[in-house]
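Trainee: Could we go through this one together before I set anything up?
Mentor: Gladly; have a look at it, and then ask whatever comes to mind.

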Amino acid sequence: MTDQNTYLDRILTIELGRCTEAAAVAASTMIGRGDKEAADQEAVNALRNAFNNLDIDGTIVIGEGERDEAPMLYIGEKVGKGGPKIDIALDPLEGTTLTAKAMSNALAVVAMSTGGGLLHAPDVYMQKIACGPGYKDGVIDLDAPTEENILSLAKDKGDKPENITLCVLDRPRHDEIIAAARKVGARVFLIPDGDVAGVFHTTAPEESGIDMYIGSGGAPEGVLAAAALRCVGGQMQSRLLFRNDDERGRAEKAGITDLDRKYGLMDMASGDVMFAATGVTDGTMLKGVRWKGNTVSTQTMVMRSKSGTVRVIDAVSKADSFNAAYRG
């Protein structure tokens, strides 16, 4: 067995991509079939089988729910055959509704970090703001008005606010954000679902056309998105949002004592971080799964924080071999 750093460098980042690839291919069999639960279950089963092949001592810290809510990939579950201690955050199918309706930007997503590197975020809402790499520290601020953040980003970019594009989840709670952005002339890119994908777009603005993400969505998805930004050097701030005492209790159970804390990127994803995403349906950043005869094609992006490496992997596999390996 090689030492931990060599293992992570040479093997695990690529193996991580194989895991999201397995989940994406399995989920793709349910594209357009109108059953988001079945699509998610296909992805969960394949991802769990893929983890069985990894030489890690992995612990799910962001998963499908608590043990009594999910039979596998639940928070606290141990995965892998043994090896370095790794924290795992995952969303086997980010965009279950998108998949069921054959809409764009559904992804299979996994992030890993050396033990203790990922925030154990409870299943509550999280307020978020994010931008990609290349900007001065502090160019965005979670507590600043939307228009100020747009003007700050435009100034640092050396551009006009009219040329800034803001990604926002299309929900009534974001109406004020949308109105403020348009008031200063910025473009607004609305997404129907896919909170991880929204922030993920900011990691490569030259490809996606997305400069910044603002809004509230799931806290677990926020940790996954933070892992992607860590790998490329972006910026992100967040704060947990609570609607009732039950949700506050979830945070306390996860070990969070300061319920009003404003988290920075390193608070959410530290250590040696790896991130992988495979397209399920065609999207802004990645192509979706394609079946042709007895072959299946996938496109996966794999990132690593230590080296800053971003790889896009186009793969063609035999469908029979995939089914035998991951679907049983």
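**Core and binding site**

Mentor: Let me begin with Phe-200, which, leaving out residues up to four places away in sequence, touches Leu-107, Ala-228, Phe-275, Ala-277, Met-285, Leu-286, Met-301 and Met-303; keep in mind that this is a predicted model.

Trainee: How many aromatic pairs are there?
Mentor: The count comes to one aromatic pair. The ring centres of Phe-200 and Phe-275 are 5.5 Å apart with the planes at 45°, so the pair is tilted. It links distant parts of the chain, since Phe-200 sits in helix H6 and Phe-275 in strand E11, 75 residues apart.

Trainee: Are those two buried or exposed?
Mentor: Phe-200 and Phe-275 are both buried, and they are listed with Met-236 and Leu-240 as the residues with the most contacts inside the largest nonpolar core, which has 48 residues. Helix H8 (residues 219-232) supplies the largest share of this core, nine residues, and at least three residues come from each of domain 1 and domain 2.

Trainee: Switching topic, where does UniProt put the "binding site"?
Mentor: The unreviewed UniProt entry places that feature at Asp-40 and Glu-64. They span 25 residues in sequence, yet their C-alpha atoms are no more than 10.0 Å apart, so they gather at one spot. The lining of the largest pocket includes both Asp-40 and Glu-64.

Trainee: And is Asp-40 buried or exposed?
Mentor: Asp-40, in helix H2, is buried with a relative accessible area of 16%, whereas Glu-64 is partly exposed at 26%.

Definitions and conventions
Residues numbered from 1 in each chain as written. Predicted model: local features only at pLDDT ≥ 70, side-chain atom pairs only at ≥ 80, totals over all residues. Heavy atoms only, no water. Phe/Tyr/Trp six-rings, centres within 6.5 Å; stacked < 30°, edge-to-face > 60°. Helix = DSSP H or I, 4+ residues; strand = E, 2+ residues; numbered from the N terminus. Buried < 20%, exposed > 50% of the residue type's maximum accessible area, 1.4 Å probe, protein only. Core = buried A, V, L, I, M, F, W, Y, C linked by side-chain atoms within 4.5 Å. Domains from an automatic or database assignment. Contact = heavy atoms within 4.5 Å. UniProt positions renumbered as here; feature names shortened; annotations may be inferred. 1 Å grid on protein atoms, 1.4 Å probe; cavity = no way out; pocket = protein on both sides within 12 Å on 5 of 7 lines; lining within 4 Å.
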